[in-house]
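Open the model in a viewer and keep the selection panel at hand. The stops below go from one residue outward to the contact between chains.

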Amino acid sequence: MLDHGNPSLHHSITPRRHYSAVFLARVEGNLTATRKHPSFAGWRLIICQPISKDGVPEGVPQVAIDPHGAAMHQRVIISSDGLAARKAVGDNKSPARWMIIGIVDEKEGA
Amino acid sequence: MRLGSVIGRVTLSKTVPALIGARWLIVSPFTREHFQRGSDEPSGLSKEPSLVVYDDLGGGVGQTIGFIEGREASAPFDEPTPVDAINGALVDEIFYNPFKP
């Protein structure tokens, strides 16, 4: 059952959902980590802030792997589909979850 | 993956067999208002509830880690394992520049 309810709950630690979500987000930073799960080696790790349709931040920032090369403060679409992320990193035992699946160039409508 | 600072450790005297020998960290997640810049951790705790994270990278108190929550947290294990948050990266440096319209 898909219950999208209050968007701020999507980032709290409960309730846990077993389907994946896709959010509009803004790139707000990146990070370096020498010691990490081997499947993240070579991947850009980007800090993405989920935003509303008006660009207002919603919930806590998430770190996503970035196969596309998103730039600072660009709007992107992030997905929490772990299966797709594992396929992207090429390791079926990777804990990868959030991935930038597209870069927004324009958005229309309310 | 979310980011947070390690504020403590947990040891267990009795566990399910799949988790024998595991290291656990207590992590206070960063929020937009309470976020690390560079390699200096923010002081104090964030408003987000702290959580216990499985650790196989060797994180310690005072470090910043990236942890993965949800079903993907148990993906690295061979057997089905009751882990819902796992340490994915020991963070060295963060470049964080929140957007101000």
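Select A:Ala64 in this predicted model. Leaving aside residues up to four places away in sequence, A:Ala64 touches A:Ile46, A:Cys48 and A:Ile78, and also A:Trp98, A:Met99 and A:Ile100. Show these side chains together with A:Ala64 before moving on.

Next, add A:Val63 to the selection. A:Val63, A:Ala64, A:Ile46 and A:Ile78 are the residues with the most contacts inside the largest nonpolar core. That core has 40 residues. In soluble globular proteins, nonpolar side chains tend to be buried together.

Now display both chains and look at where they meet. Here 33 residues of chain A are in contact with 34 residues of chain B. Which elements of chain A give two or more residues to the side that touches chain B? Select strand 1 (22–32), strand 2 (35–36), strand 3 (45–50), strand 4 (62–65) and helix 1 (82–89) of chain A to see them. Strand 1 of chain A provides the largest share, six residues. Colour this side of chain A by residue class: 13 of its residues are nonpolar, twelve are polar and eight are charged.

Then narrow the view to strand 2 of chain A and strand 5 (residues 85–91) of chain B. The two strands run antiparallel and are joined by two bridges. Pick A:Arg35, and B:Leu90 in strand 5 of chain B is found standing opposite.

Last, colour by confidence. Chain B has a mean pLDDT of 94, with 100% of its residues at 70 or more. For the model, ipTM is 0.91 and pTM is 0.86.

Key. Residues numbered from 1 in each chain as written. Chains lettered and ligands numbered in written order. Predicted model: local features only at pLDDT ≥ 70, side-chain atom pairs only at ≥ 80, totals over all residues. Core = buried A, V, L, I, M, F, W, Y, C linked by C-beta atoms within 7 Å. Buried ≥ 20, exposed ≤ 12 C-beta atoms within 10 Å, placed from the backbone. Contact = placed C-beta atoms within 7 Å. pLDDT = per-residue confidence, 0-100. Helix = DSSP H or I, 4+ residues; strand = E, 2+ residues; numbered from the N terminus. Nonpolar A, V, L, I, M, F, W, Y, C, P; charged D, E, K, R; others polar. Pairing = 2+ DSSP bridges.
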